[in-house]
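Welcome! Here is a short briefing to help you find your way around a new structure. Take a look at the sequence and the model, then read on.

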Amino acid sequence: MPNMLFMGGDEMAISRPVERAVIREVDKYLAGHGELCACEQCRNDIIALTLQNLPPRYSTTREGEVWINLELQLPQLKMDVWKAILKAADRVTKNPRHYA
Ligand SMILES: [Zn+2]
């Protein structure tokens with residue numbers, strides 16, 4: 001069951017600009033929170049979980065649907081990303097996989 005938490009990251013079909021924004025914000029978050037482990041494993045898990053935690057409106061699953069108004073939506077995106085990062089970081093901190 002615990003491993004289920006980390007599955008599905010690749011099937012999310014989150015739009016690329018959103019994915020890049022998530023990676024940037026996760027790195028910023030980790031840089032500002034020295035108490036969190038920022039090893040490759042934990043960083044990747046937090047990124048994957050953050051993408052999973054994002055609202056469905058950031059996905060590009062429907063054919064031809066692309067997130068073109070990204071710049072306009074940035075404040076909302078940032079808020080959603082930060083909420084998702086908090087959840088993801090909390091979960092990874094409680095279930096770190098880095099010593100496997
Ligand atoms: Zn770690």
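Cys 39 is partly exposed, because its relative accessibility is 26% and this class lies between the buried limit of 20% and the exposed limit of 50%. Cys 39 is also one of the residues that coordinate the zinc ion, and that site is a good place to begin. Please keep in mind that this is a predicted model.

**The zinc site**

- Four residues hold the zinc ion: Cys 37, Cys 39 and Cys 42 each through SG, and His 98 through ND1, at 2.0 to 2.3 Å.
- The angles among the four donor atoms run from 100 to 125°, and the site is tetrahedral.
- Along the chain, the donors follow the spacing C-x1-C-x2-C-x55-H.
- Cys 39 and His 98 link distant parts of the chain, being 59 residues apart. Cys 39 sits in the loop between helix H1 (16–32) and helix H2 (40–53), while His 98 belongs to the segment after helix H3 (70–94).
- His 98 is partly exposed as well, with a relative accessible area of 33%.

**A closer look at Cys 37**

- Cys 37 is found in the loop between H1 and H2, and at 34% relative accessibility it counts as partly exposed.
- Setting aside neighbours within four places in sequence, Cys 37 touches Leu 30, Cys 42 and His 98. Cys 42 and His 98 also serve as donors to the zinc ion.
- Cys 37 and Ala 89 are 52 residues apart along the chain, and their C-alpha atoms are separated by 9.4 Å.

**The overall picture**

- How many helices and strands does the protein have? There are three helices and zero strands, and read along the sequence the pattern is α-α-α.
- The protein has 100 residues, of which 31% count as buried.
- Among contacts with a separation of 6 or more, 79% come from residues 24 or more positions apart.
- The accessible surface comes to about 6,500 Å², and 55% of this belongs to carbon and sulfur atoms.

**Salt bridges**

- Side chains of opposite charge can pair when their charged atoms come close.
- The structure holds five salt bridges, including the three described here.
- Glu 19 pairs with Arg 16, and their closest N and O atoms are 2.9 Å apart. Both residues lie in helix H1, three residues apart, which is about one turn of the helix.
- Glu 19 is partly exposed, with a relative accessible area of 22%, whereas Arg 16 is exposed at 56%.
- Lys 28 forms a salt bridge with Glu 25, with 3.2 Å between the closest N and O atoms. Here too, both partners are in helix H1, three residues apart, or about one turn of the helix.
- Lys 28 is partly exposed at 45% relative accessibility.
- Which residue forms a salt bridge with Asp 45? The partner is Arg 97, and the closest N and O atoms are 2.5 Å apart. This pair links distant parts of the chain, with Asp 45 in helix H2 and Arg 97 in the segment after H3, 52 residues apart.
- Asp 45 is buried, with a relative accessible area of 4%, while Arg 97 is partly exposed at 29%.

**Glu 25, a buried charged residue**

- Is Glu 25, a residue of helix H1, buried or exposed? Glu 25 is buried, because its relative accessible area is 3% and buried means under 20%.
- The side chain of Glu 25 makes a polar contact with the side chain of Lys 28 at 3.2 Å.
- Leaving out residues up to four places away in sequence, Glu 25 touches Lys 78, Val 81, Trp 82 and Ile 85.

**Val 92 in helix H3**

- Val 92 lies in helix H3 and is buried, with a relative accessible area of 3%.
- Between Val 92 and Leu 49 there are 8.6 Å in space, C-alpha to C-alpha, although the two are 43 residues apart in sequence.

Note on methods. Residues are numbered from 1 along each chain as its sequence is written. This is a predicted model: local features need pLDDT of at least 70, side-chain atom pairs count only at pLDDT 80 or more; totals for chains, interfaces and linings use all residues. Side-chain values use heavy atoms; hydrogens and water are left out. Donors are N, O and S atoms within 2.8 Å of the metal (3.2 Å for Na, K and Ca); water is not among the atoms, so sites may look incomplete. Four donors count as tetrahedral if all angles lie between 85 and 135 degrees; four count as square planar and six as octahedral if opposite donors are over 155 degrees apart and all others between 65 and 115; anything else is irregular. Helices (H or I, at least four residues) and strands (E, at least two) are DSSP runs, numbered from the N terminus. Buried means under 20% relative accessible area, exposed over 50%, partly exposed in between (1.4 Å probe, protein chains only). A salt bridge is a side-chain nitrogen of Lys or Arg within 4 Å of a carboxyl oxygen of Asp or Glu. A polar contact is a pair of N or O atoms within 3.5 Å; within protein, one must be able to donate a hydrogen and the other to accept it, and residues adjacent in sequence count only if both atoms are side-chain atoms. Contact means heavy atoms within 4.5 Å. Accessible areas come from the Shrake-Rupley method with a 1.4 Å probe; for residues, only the protein chains shown count as cover.
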